Amino acid sequence: MPLSRKQYDTLRKPLNATRIAKRSQGGKQLSYLESWDVRAHLIRVFGYGNFDIETVEQNWISSREYDSTATPPKPMVEVSWYAKVRLTVRDPEGNRLCRFSETAVGSTSGPATMIGEHHDNAVKTAASDALKRCAINLGTQFGLSLYD
């Protein structure tokens with residue numbers, strides 16, 4: 001069963017500028033959607049329970065210890081995680097409309113005493129970024145227009 005007219009019309013609308021987050025990275029201003037916003041919009045468009053977000057795979061990639069530039073130097077650590085996520089969207093009767101799988105790597109760094117939090121943040125970043133890459137296949141409302 002295809003999308004309803006209301007879903008199709010919603011997906012075709014321009015992205016509301018208030019949903020766009022920004023950050024500086026590498027001297028550039030980047031625009032993106034927050035992971036919570038993507039999830040909330042999946043609910044708005046497809047309804048509660050009409051999509052699945054599955055973490056298909058997660059792997060620890062690396063940890064790197066280093067010293068801060070402070071005086072005296074403090075022990076620091078950077079950790080990286082990989083995630084593969086699958087997004088499946090269904091119609092109200094449960095029929096699969098589409099399925100997308102994507103991957104991402106997330107990393108965080110900071111004081112070595114907080115290594116557990118760094119692992120937690122890196123794995124969540126990887127899964128969130130992979131979800132956003134899946135959802136972008138649904139078009140403008142999920143960030144595709146940010147690549148213009």
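This report walks through a predicted model of one protein chain, from its overall layout to a few single residues.

## The overall layout

Let's start with the whole chain. It holds three helices and five strands. Starting from the N terminus, these elements follow the order α-β-β-α-β-β-β-α. Along its principal axes, the C-alpha trace spans about 65 × 30 × 20 Å.

How much of the chain is buried? Of its 148 residues, 36% count as buried. The chain exposes about 9200 Å² of surface, and carbon and sulfur atoms supply 50% of that area. Now look at contacts between residues at least 6 apart in sequence: 60% of them join residues at least 24 apart.

## The nonpolar cores

The largest nonpolar core has 23 residues, and those touching the most other members are Val38, Leu42, Phe46, Leu87, Val89, Leu138 and Phe142. Which elements give two or more residues to this core? They are α2 (35–46), β4 (75–90), β5 (96–111) and α3 (115–135). Helix α3 provides the largest share, six residues. Another core, of five residues, lies apart from this one, and Val77, Trp81, Ala122 and Val123 are among its members.

Phe142 is a good residue to click on in the viewer. Leaving aside residues up to four places away in sequence, Phe142 touches Leu11, Leu33, Val38, His41, Leu42, Val45, Phe46, Ala135 and Ile136.

## Helix α1 and its two sides

Helix α1 covers residues 5–12, and its buried residues are Gln7, Thr10 and Leu11. Why can we say that they line one face of the helix? Viewed down the axis of α1, the buried residues fall within an arc of 95°, so they line one face. These buried residues pack against α2. On the other side of α1, Arg5 and Arg12 are exposed.

Just ahead of this helix, Leu3 sits in the segment before α1. Is Leu3 buried, exposed or partly exposed? Its relative accessible area is 31%, and because that value falls between the 20% limit for buried and the 50% limit for exposed, Leu3 counts as partly exposed. Not counting residues up to four places away in sequence, Leu3 touches Tyr8, Leu11, Phe46 and Leu97. Leu3 and Arg86 are 83 residues apart along the chain, and their C-alpha atoms are separated by 20 Å.

## Ala127 in helix α3

Ala127 belongs to helix α3. With a relative accessible area of 18%, Ala127 is buried, because the value is under the 20% cut-off. Its contacts include Gln58, Ala83 and Val85, when residues up to four places away in sequence are left out.

Which distance separates Ala127 and Thr55 in space? Although these two residues are 72 apart in sequence, their C-alpha atoms are 7.1 Å apart.

## Rings and an unusual-looking bond

How many aromatic pairs does a search of the whole structure find? The result is zero. There is, however, a charge over a ring to look at: Arg23 lies over the face of Tyr32, at 4.7 Å from the ring centre.

Finally, have a look at the loop between β3 (51–67) and β4, where you will find Pro72. The peptide bond leading from Thr71 to Pro72 is cis, with omega near -5°.

Key:
Residues are numbered from 1 along each chain as its sequence is written. This is a predicted model: local features need pLDDT of at least 70, side-chain atom pairs count only at pLDDT 80 or more; totals for chains, interfaces and linings use all residues. Side-chain values use heavy atoms; hydrogens and water are left out. A nonpolar core is a set of buried Ala, Val, Leu, Ile, Met, Phe, Trp, Tyr and Cys residues joined through side-chain atoms within 4.5 Å. Buried means under 20% relative accessible area, exposed over 50%, partly exposed in between (1.4 Å probe, protein chains only). Helices (H or I, at least four residues) and strands (E, at least two) are DSSP runs, numbered from the N terminus. Contact means heavy atoms within 4.5 Å. Rings of Phe, Tyr and Trp (its six-membered ring) pair if their centres lie within 6.5 Å; planes under 30 degrees apart count as stacked, over 60 as edge-to-face and the rest as tilted. A charge sits over a ring if NZ of Lys or CZ of Arg is within 6 Å of the ring centre and within 35 degrees of the ring normal. Accessible areas come from the Shrake-Rupley method with a 1.4 Å probe; for residues, only the protein chains shown count as cover. The arc is that of the directions from the helix axis to the C-beta atoms.
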